[in-house]
Amino acid sequence: EWCEDHWHGDYDGAPSDGSPWLDKAAKGGARRVVRGGSWYVLARNCRSASRYWDDPAARNFYFGFRCARVQA
């Protein structure tokens with residue numbers, strides 16, 4: 001699934017409150033995090049902890065999104 005977070009190589013400095021990790025200096029085309037498993041290409045990607053990056057303009061049949069709803 002596509003995430004709002006900008007790509008970082010590790011979690012050092014990540015927000016602890018669940019908010020998206022955005023770089024204020026990043027431009028609109030900054031790499032975004034892609035999370036979750038996929039059956040495509042490598043078996044190691046078939047796990048929920050899989051994490052990678054891609055350009056926001058990238059389109060592939062193995063990218064998706066998860067709808068989430070927060071109740072007040």
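Student: Which side chain meets that of Asp5 in a salt bridge?
Tutor: This is a predicted model, in which local features need pLDDT of at least 70 and side-chain atom pairs count only at pLDDT 80 or more, while totals for chains, interfaces and linings use all residues. Residues are numbered from 1 along each chain as its sequence is written, and side-chain values use heavy atoms, with hydrogens and water left out. A salt bridge is a side-chain nitrogen of Lys or Arg within 4 Å of a carboxyl oxygen of Asp or Glu. The structure holds 1 salt bridge, and at 3.7 Å, N to O, the partner of Asp5 is Arg35.

Student: How many residues apart in sequence are the parts that this pair ties together?
Tutor: Strands (E, at least two residues) and helices (H or I, at least four) are DSSP runs, numbered from the N terminus. Asp5 belongs to strand 1 (residues 2–6) and Arg35 to strand 2 (residues 32–35), so the salt bridge ties together parts whose separation in sequence, in residues, is 30.

Student: Is Asp5 buried or exposed?
Tutor: Buried means under 20% relative accessible area, exposed means over 50%, and partly exposed lies in between (1.4 Å probe, protein chains only). Arg35 is partly exposed at 26%. Asp5 has a relative accessible area of 16%, so this residue is buried.

Student: Which pattern does the protein chain follow along the sequence?
Tutor: The secondary structure of the chain comes to 0 helices and 3 strands. Read along the sequence, the pattern is therefore β-β-β.

Student: Where in the protein chain is confidence lowest?
Tutor: pLDDT is the predictor's confidence in each residue, from 0 to 100. The mean for the protein chain is 82, and 88% of its residues reach 70 or more. Confidence is highest in strand 1, at 89, and lowest, at a mean of 86, in strand 3 (residues 51–54).

Student: Why is the pair of Tyr52 and Trp53 described as stacked?
Tutor: Rings of Phe, Tyr and Trp (its six-membered ring) pair if their centres lie within 6.5 Å; planes under 30 degrees apart count as stacked, over 60 as edge-to-face and the rest as tilted. The structure holds 1 aromatic pair. The ring centres of Tyr52 and Trp53 are 5.5 Å apart, and the pair is stacked because the planes stand at 20°.

Student: Which residue has its charged end over the ring of Trp53?
Tutor: A charge sits over a ring if NZ of Lys or CZ of Arg is within 6 Å of the ring centre and within 35 degrees of the ring normal. The charged end of Arg51 sits over the ring of Tyr11, 4.8 Å from its centre. Over the ring of Trp53, 3.7 Å from its centre, sits the charged end of Arg31.

Student: What distance separates the C-alpha atoms of Trp7 and Trp53?
Tutor: Trp7 lies in the loop between strand 1 and strand 2. Leaving aside neighbours within four places in sequence, Trp7 is in contact (heavy atoms within 4.5 Å) with Arg31, Arg32, Val33, Arg51, Tyr52 and Trp53. Trp7 and Trp53 are 46 residues apart along the chain, and their C-alpha atoms are separated by 6.1 Å.

Student: Is Ser50 buried or exposed?
Tutor: Ser50 is found in the loop between strand 2 and strand 3. Not counting neighbours within four places in sequence, its contacts are Val34, Arg35, Gly36, Gly37 and Asn45. With a relative accessible area of 11%, Ser50 is buried.

Student: What percentage of the residues of the protein chain count as buried?
Tutor: The chain exposes about 5900 Å², of which carbon and sulfur atoms supply 51%. Of its 72 residues, the share that counts as buried is 19%.

Key:
Areas by Shrake-Rupley, 256 points an atom, 1.4 Å probe, with all protein chains shown as cover.
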